[in-house]
Amino acid sequence: MNVDSIESGKPPHLDIAAEKRLQSCVIEAIASGLIASAHDCADGGLAVAVAESAMSSIDSEGVGAAILLRGKDNYDLSASAILFGEVQSRIIVSMRTEKQLKQLEKLAATHGVRADWIGSVGGNNLRIAIDGKDVIDTPVKDLKAVYHNAIRELMS
């Protein structure tokens, strides 16, 4: 089935047991101090979650990220499905150190959930590449401007 052609229908099935395992893992990771930030992908998918996280930084211009995805890890979905698919039970988290990443991977395994490194936080741009090809590379300050002025621009 080509997910790009779906315009209506039932939402994806939510596996309550998987969601509970994921939420338990994230709550434990937060309580343990492993996670610096967390954002679900339910509203707009991975690209929107990462963009919102970048824009919400205390830095007035935001903090960028470099996200490096592999299509084969995403079940051969189209770029739009990988970036904007609102797949259930998916959370983007950030950590301060590689040691914390290793600890999170172990914790995730004990909860029966998958944890994958997808990139790094830093810089001024939000860059997302799939299979080495940039699909998004935009200054976070530009994303913030569009986000905060969208309604004003539509109304004028």
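**Overall picture**

I began with burial and noted that, of the 156 residues in the protein, 29% are buried. I keep in mind throughout that this is a predicted model. Next I looked up the accessible surface, which comes to about 10300 Å², with 55% of it belonging to carbon and sulfur atoms.

I then went through the secondary structure and recorded five helices and six strands, which follow one another along the sequence as α-β-α-β-α-β-α-β-β-β-α. For the contacts, I took those between residues at least 6 apart in sequence and found that 77% of them join residues at least 24 apart.

**Cores**

I turned to the nonpolar interior and wrote down that the largest core has 20 residues, with V50, I67, L69, L83, I92, L126 and I128 having the most contacts inside it. When I asked which elements supply at least two residues each, I listed α2 (45–55), β2 (65–69), α3 (79–84) and β5 (125–130). The largest share comes from α2, which gives seven residues to this core. Apart from this core I found another, of 10 residues, and I noted V26, A29, A108 and V113 among them.

I followed I92 separately, since it is among the residues with the most contacts inside the largest core. Leaving out residues up to four places away in sequence, I recorded that I92 touches S37, A38, H39, C41, L46, A49, V50 and I118.

**Cysteines**

I checked for disulfides and found zero in the structure. I also looked up the burial of two cysteines: C25 has a relative accessible area of 4% and is buried, and C41, one of the residues that I92 touches, is likewise buried, with a relative accessible area of 1%.

**Surface patch**

On the surface I noted a nonpolar patch formed by I151, L154 and M155, which together have about 430 Å² of accessible area. I placed M155 in helix α5, which covers residues 140–155. M155 counts as exposed because its relative accessibility is 70%, and the cut-off for that word is over 50%.

**Salt bridges**

How many salt bridges does the count come to? I recorded three, and I took them in sequence order.

The side chains of K102 and E105 meet in a salt bridge, at 4.0 Å from N to O. Both residues lie in helix α4 (residues 98–111), and because they are three residues apart there, about one helical turn separates them. I wrote down K102 as partly exposed, with a relative accessible area of 44%, and E105 as partly exposed too, with 29%.

For R114 and D116 I noted a salt bridge between the side chains with an N to O distance of 2.5 Å. Here R114 is exposed, with a relative accessible area of 53%, whereas D116 is partly exposed, with 46%; the two words differ because exposed requires over 50%.

The remaining pair I looked up is D134 with R127, where the closest N and O atoms are 2.7 Å apart. D134 is partly exposed, with a relative accessible area of 35%, and R127 also counts as partly exposed, at 28% relative accessibility. I add that R127 falls within the range of β5 (125–130), the strand that supplies at least two residues of the largest core.

Definitions and conventions. Residues are numbered from 1 along each chain as its sequence is written. This is a predicted model: local features need pLDDT of at least 70, side-chain atom pairs count only at pLDDT 80 or more; totals for chains, interfaces and linings use all residues. Side-chain values use heavy atoms; hydrogens and water are left out. Helices (H or I, at least four residues) and strands (E, at least two) are DSSP runs, numbered from the N terminus. Buried means under 20% relative accessible area, exposed over 50%, partly exposed in between (1.4 Å probe, protein chains only). Contact means heavy atoms within 4.5 Å. Accessible areas come from the Shrake-Rupley method with a 1.4 Å probe; for residues, only the protein chains shown count as cover. A disulfide is a pair of cysteine sulfur atoms within 2.5 Å. A nonpolar core is a set of buried Ala, Val, Leu, Ile, Met, Phe, Trp, Tyr and Cys residues joined through side-chain atoms within 4.5 Å. Patches are made of residues with over 30% relative accessible area and no salt bridge: like charges are joined within 9 Å, nonpolar side chains (Val, Leu, Ile, Met, Phe, Trp, Tyr) within 5 Å.
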